[in-house]
Each structure stands twice: as C-alpha cells, then as structure tokens.
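Hi everyone, thanks for making time this morning. I'd like to walk you through one protein model, and you can follow along on the screen.

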Amino acid sequence: MLKPWLLERIKRGEAVLFLGAGSTFGATSSTGESPLSGDALKDQICDEFLGGRLKNKSLAKVAELAKNESSLLDVQNFVAAKFSALRPSEFHKKVASFPWKGIVTTNYDLVIERAYQNSTPKPVQDLFPIVRGGENFSEIVRNPRALPYLKLHGCISVANDERLPLILAEEEYAKYKKYRERLFTHLNEWAKDYTIVFCGYDIADPHIQQILFDIGDSSVERKQYIYVPLILTK
C-alpha cells in the first residue's frame, strides 16, 4: 500500500517512476510467453551463437563473445526478437493514469510504450521515449502533456543502430555510455528535485546500487527515494 504523501506527490506530477526488469512481470506474448530472465537470455545467446558453450559465464561476457563470433547487429537483433512480442497486462496500463514527472527504465522492451498506446481511458500524458542524447528533450518538456521516457539501456526499436548498443549487463555501462550521457544528466537533475519511485528491482541488485551511487551525492539535499516491488495500482 502506498503512503498517502507519496500518492499526493504522484498526483501532482512530482515523482519519477524508475522501472527495472521485474516491472515487466505479467507481460506476455500472443502465445503466452513471459519475459526472459537475464540467465535465460544468456543461455539462449550461448545456444544461438556459441554452440551451447560458456553458460557459466556472465551475460556481459557471453554477449561480447557472441558479437565476436557473429556481429553486434546479429546479437542485438536476436535479443530484440526475444522481447519484441511482449504485450502489457492490464495493470501495466494503469501507469498511464498517473501524471509522472518522467519515467526512466533499464528495460529495452516496448511494454510501456504499448501500455500507453492501448490504455483506456486515454492516458493523462503523451509518452515520448528517449534513447539517445539530443532528442529534443527541452522541446519535449515544454509540452504540458509530454512525458519523457528515458531508456538508459537502449531499446529494441533501434536494434540496428550500432551507436546505441543494448546494455545487457552492468559491466557494459562504461563501454556504451557514449550517446547516452545526456539521459544520465537528466536523471541526475530530476533526482535533486523529485521523488524517485523504483519499481521492479531487487533492492540489492547491482544495477540499482550503481544508479543510487551515481545520483546519491551526499553533498546535495535530495527528495526521498521509494522502492516498491511491482507496478503501481490505484
């Protein structure tokens, strides 16, 4: 149950929703398939590109080896195909009924985009996915109905762009941060002034720990961060 003060802050558009892998829980393909876990994705990359070998390695290592065996675009398009069929559940669509300051995610699927496209009644904001720096962010935020959606790890919609590789694991952040630096700058600015609601993460996950470290400068007074286990409901 969300605290009344948090609900009020969300209703005033003073909260940023930060979605992790667990937030896709409940999304399915038309054939009933669920989202792949990191380990399941790693195993399928091994089967496709490495002859089933090296499943004891990390996802980042396996992905790098697969790119060397084939190509970056082959691996990215393979990953995109695994996530492209996911459709939102009814509770994903509830996200569109809240006025967010922004949404941020480390996911690269299209579940939230489709939730906004298929929400009934009409979403209270218009979703604008942003996957690279320089995508008219200033113009977007001047639009009172616009909702910036920062996709820090990339998106399957641009799987053919070699400049924006999908970040499959934490170790790849430093290597692939180019072209995304402004996204992290926007997140850091939001973190100073607005409550961040983390959803779909294990609080001990290294991803969330690194993000909290990056935006958690102790010399700056910040709004409270909130962790919730699943998608918000009214």
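I'll go from the overall fold to the sheet, then to a helix pair, and finish with a few individual residues.

One thing to say up front: this is a predicted model. The protein has 234 residues, and 48% of them are buried. Its secondary structure adds up to ten helices and six strands. If you like thinking in contact maps, take the contacts with a separation of 6 or more: 71% of those come from residues 24 or more positions apart.

Let's start with the sheet. In what order do the six strands sit? The order is 3-4-2-1-5-6, in an open sheet with parallel pairing. At the edges we find strand 3, residues 126–130, and strand 6, residues 225–228, and each of these pairs on one side only. From one strand to the next, the twist averages 20 degrees.

Please zoom in on the strand 6 end. Strand 5, which covers residues 195–199, pairs with strand 6 in the parallel sense over four bridges. If you want a specific bridge to click on, take Cys199, whose partner in strand 6 is Val228.

Now the helices that lie against this sheet. Helix 9, residues 181–193, packs on the sheet and touches strand 1, strand 2, strand 3, strand 4, strand 5 and strand 6. Its direction makes about 120 degrees with that of strand 4. Helix 1, residues 4–11, lies across strand 1, strand 5 and strand 6, and runs at about 105 degrees to strand 5.

Let me stay with strand 6 for a moment. As a reminder, side chains in a regular strand alternate between the two faces of the sheet. Which residues of strand 6 point to the buried side? Ile226 and Val228 point to one face and are buried, whereas Tyr225 and Tyr227 point to the other and are not.

Next, a helix pair. Helix 2, residues 38–49, packs with helix 4, residues 72–83, at an angle of about 130 degrees, and their axes are 11 Å apart. Why do I call this pair oblique? An angle of about 130 degrees falls outside the ranges for roughly parallel, antiparallel or perpendicular, so helix 2 counts as oblique to helix 4. The crossing of the two is right-handed. On the helix 2 side, the contact uses Leu41, Gln44, Ile45, Glu48 and Phe49. Helix 4 brings in Asp74, Val75, Phe78, Val79, Lys82 and Phe83. Sorted by class, that contact of helix 2 with helix 4 has seven nonpolar, one polar and three charged residues.

Ile45 deserves a closer look. It sits in helix 2 and has a relative accessible area of 0%, so Ile45 is buried. What does Ile45 touch, leaving out residues up to four places away in sequence? The list is Leu50, Leu59, Val62, Ala66, Phe78, Val79 and Leu168. Its C-alpha is also 7.1 Å from that of Ala63, 18 residues apart along the chain.

Here is one for anyone who looks at charged side chains. Is Lys67, over in helix 3, buried or exposed? Lys67 is buried, because its relative accessible area of 11% is under the 20% cut-off. Beyond residues up to four places away in sequence, Lys67 touches Leu72, Val75, Glu172 and Tyr176.

On to the loops. Leu86 lies in the loop between helix 4 and helix 5, and counts as buried at 3% relative accessibility. Setting aside neighbours within four places in sequence, its contacts include Ala27, Thr28, Ser29, Asp109 and Arg114. Leu86 and Thr31 are 55 residues apart in sequence, with 9.7 Å between their C-alpha atoms.

Finally, two bits of backbone geometry. Most residues other than glycine have a negative phi, and most peptide bonds are trans. Which residue has a positive phi although it is not a glycine? That is Leu54, with a phi of about 70 degrees. Leu54 lies in the loop between helix 2 and helix 3, and is partly exposed, with a relative accessible area of 26%. The other spot is the bond that joins Thr120 and Pro121, a cis peptide with omega of about 5 degrees. You'll find Pro121 in the loop between helix 6 and strand 3.

That's my tour, and I'm happy to go back to any view.

Key: Residues are numbered from 1 along each chain as its sequence is written. This is a predicted model: local features need pLDDT of at least 70, side-chain atom pairs count only at pLDDT 80 or more; totals for chains, interfaces and linings use all residues. Side-chain values use heavy atoms; hydrogens and water are left out. Two strands pair if DSSP finds at least two bridges between them. Axes are lines fitted to C-alpha atoms, for helices over the stretch in contact, and angles run from 0 to 180 degrees between N-to-C directions. Contact means heavy atoms within 4.5 Å. Angles under 35 degrees count as roughly parallel, over 145 as roughly antiparallel, 65 to 115 as roughly perpendicular and the rest as oblique. A crossing is left-handed if the near helix is turned anticlockwise from the far one by less than a right angle, and right-handed if clockwise. Ala, Val, Leu, Ile, Met, Phe, Trp, Tyr, Cys and Pro count as nonpolar, Asp, Glu, Lys and Arg as charged, and the others, Gly among them, as polar. Buried means under 20% relative accessible area, exposed over 50%, partly exposed in between (1.4 Å probe, protein chains only).
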